[in-house]
Amino acid sequence: MVQKPLQNYIPALTGVRALAAYLVFISHYAYAFDEKFPQGVQRFLNEFHIGVTIFFVLSGFLIAFRYFDNFKLTGDWFKQYLKNRVARIYPMYFLITAGAFISYYFTRDPKTVNGFGSPVGLFFMNITFVRGFFDQLKFTGIAQGWSLTVEECFYFSAPFIFYFAKKYNKFWLQWAVVTLFGVGLVMIFRNVNWYGFFGNFTFMFLYTFLGRCFEFFAGIQLALIVKRRQDKIDGQAKTWFTYGGFLAVFVCVWIMSILPIPKGEVAGLHHPFGIVTNNYLLATSIAVFFYGLLTETTVLKTILSFKFVELLGKSSYIFYLIHLGWMYDLFHNYLNKWNDDIFELYDKWGKDWNSPFQYDNLNVLYGFIVLNAVSILLFKLVEEPLNHYIRQSDFLIKNKARNPENRSEAIKA
C-alpha cells in the first residue's frame, strides 16, 4: 500500500501555534494569580515563555520542510521566498507597531521608547527589526516583537543554511559556528556603550538569532528526518513520542522554575543553566513532541486539529502581537473605568456589592477572551486578505499565473 506523503499544511501544527501563544500569555499575566497559588506554582507559570521556543522550532521545521528540497540561490527564487515571508509576517507587525507609536504620541507611555531620544528614529528601528540587536531597545514598540528580529534573521539565513548543509554535509557544525560568531560580537562590543548592541552574553543567548539558532536547527533537523522517513509515516506509530516529548517540555519548565533568579531578572530562564535548558534541552524536547504529532495518531493531535483550534492557531500571530502592549493597556483602562463607574452606581444605590471588574484574575480572563476575538477578526478582515494580496501582487517579483508558491494552502505557511 502506498502511503500518502505528508502535506505542506499540517493542521495539528497550526493548533500548536495557539498553544504556544497562550503559554506566553500565561507567563506575562501569571502575577494576577499570585495570591491564589503557592510560590512554586507561580514560578512554574512564570516560565511559560517556552511558547517562544515552540515558535522557533516550528519555524525551523516548516521552512525546511517546504523549501529544503527546492531552494535555489538565484535572484528570482530569493525574491519569491522573501515575498512569501513578508506577506506572512510584515503587514500586521507594521500596523500594530504603528499603533504603538501613535498611542505613544497621546499617552507618552515610557515603555514604548525606553528613554530613546528620537521616537521617529526608534519607530524606523522597530519596523526594520534592527531594534532587536540592542539590549536597551529590544522591548520598545511592541515589546514581544523582539522575537520577530530573531525570526527574520532565520528567514534570511535559511537558504544559506540549506546550501551549506547540502554542499558540505556539515549541517550540525553550522549552529556552533553561528553561536561562536555571536560570542565574538559580545567580546568585541560588551565594553562599547551603544544601547547594549550585543552588550552581554545573556542578551545574545536569549534575544538574538545568533544565540538561539539551535532552536531553528532542531526544527530543520526534524524536517530532514521526516523527509527521509516520509514513505514510512502512516500515523500508526506508537504514541510515546507525542506524550514523551510533551512531558519532557514541562520537565524543562520545572527545571527553570527551581533555578535561582539572577538579580534584576524575572525568571529562571536567565540563569546560565536556564539558558542551556531553554535553548537546547527544551528545543530538543519540542522537536520530539512535533515528531510525535507528525507520525502518531493521539487524542492531543486530534484536539489540536479541531477546526476551531486551527482558527485560533491561524490568528495566534496577531494574538501574540497584541496580548501585551498598547492594545491590552487600552482594554485594561476601560476595565478600570467600568469598575469605577459600577462602584459609583453602587454608592448611589447604597449597596455594598462586588464589581465584576475588581478582580485581577477575572480581568485577565476577560482580556484573554476579548483579545482572541479581536485576533480572529483582524485575521479574517486584515491579515489574511493582505497576505493573499501581497502574494498575488507584483511586489519584489512579478506574480506568475498558477504559481504553486501562491496557492491558498501555501498561504497558511
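Residues count as buried under 20% relative accessible area, as exposed over 50%, and as partly exposed in between. The model looked at here is a predicted one, and that yardstick is handy for going through its salt bridges.

Take Asp-135 to begin with. Its relative accessibility comes out at 21%, so Asp-135 counts as partly exposed. Its partner is Lys-138: the two side chains meet in a salt bridge, at 2.5 Å from N to O. Lys-138 has a relative accessible area of 9%, and is therefore buried. Side chains of opposite charge can pair when their charged atoms come close.

The total for the model is 11 salt bridges. Another one links the side chains of Lys-314 and Glu-310, with an N to O distance of 3.8 Å. These two residues sit in helix 13 (residues 307–314), and because they are four residues apart, about one helical turn separates them. Here both partners, Lys-314 and Glu-310, are buried.

Helix 15 has a pair with that kind of spacing too: Asp-341 and Lys-337 are four residues apart in this helix, about one turn. Their side chains meet in a salt bridge at 3.0 Å, N to O. Asp-341 is at 34% relative accessibility, so it counts as partly exposed. Lys-337, at 47%, also falls in the partly exposed class. Elsewhere, Asp-109, Lys-111 and Asp-329 are joined into one network by salt bridges that share partners.

Helix 15 turns up again at the largest pocket. This pocket has a volume of about 1,200 Å³ and a lining of 47 residues. Nearest its centre lie His-28, Phe-139, Ala-143, Gln-144 and Leu-324. Four helices each supply at least two lining residues: helix 1 (11–29), helix 4 (75–107), helix 8 (201–207) and helix 15 (326–349). Of the lining, helix 15 gives the largest share, with five residues. As for chemical character, the lining breaks down into 21 nonpolar, 19 polar and seven charged residues.

On the surface, there is a nonpolar patch to point out. Leu-73, Phe-160, Tyr-163, Phe-164 and Tyr-168 make it up, and together they have about 470 Å² of accessible area. One of its members, Tyr-163, is found in helix 6 (residues 146–168). Its relative accessible area is 32%, which means that Tyr-163 is partly exposed. That value also clears the cut-off for patch residues, which need over 30% relative accessible area.

Key: Residues are numbered from 1 along each chain as its sequence is written. This is a predicted model: local features need pLDDT of at least 70, side-chain atom pairs count only at pLDDT 80 or more; totals for chains, interfaces and linings use all residues. Side-chain values use heavy atoms; hydrogens and water are left out. Patches are made of residues with over 30% relative accessible area and no salt bridge: like charges are joined within 9 Å, nonpolar side chains (Val, Leu, Ile, Met, Phe, Trp, Tyr) within 5 Å. Accessible areas come from the Shrake-Rupley method with a 1.4 Å probe; for residues, only the protein chains shown count as cover. A salt bridge is a side-chain nitrogen of Lys or Arg within 4 Å of a carboxyl oxygen of Asp or Glu. Buried means under 20% relative accessible area, exposed over 50%, partly exposed in between (1.4 Å probe, protein chains only). On a 1 Å grid over the protein atoms alone, a cavity is a set of points where a 1.4 Å probe fits but cannot get out, and a pocket is an open set with protein on both sides within 12 Å along at least five of seven lines; lining residues have an atom within 4 Å of a point. Grid points are joined across faces, edges and corners, and a volume is the space filled by probe spheres set on the points. Ala, Val, Leu, Ile, Met, Phe, Trp, Tyr, Cys and Pro count as nonpolar, Asp, Glu, Lys and Arg as charged, and the others, Gly among them, as polar.
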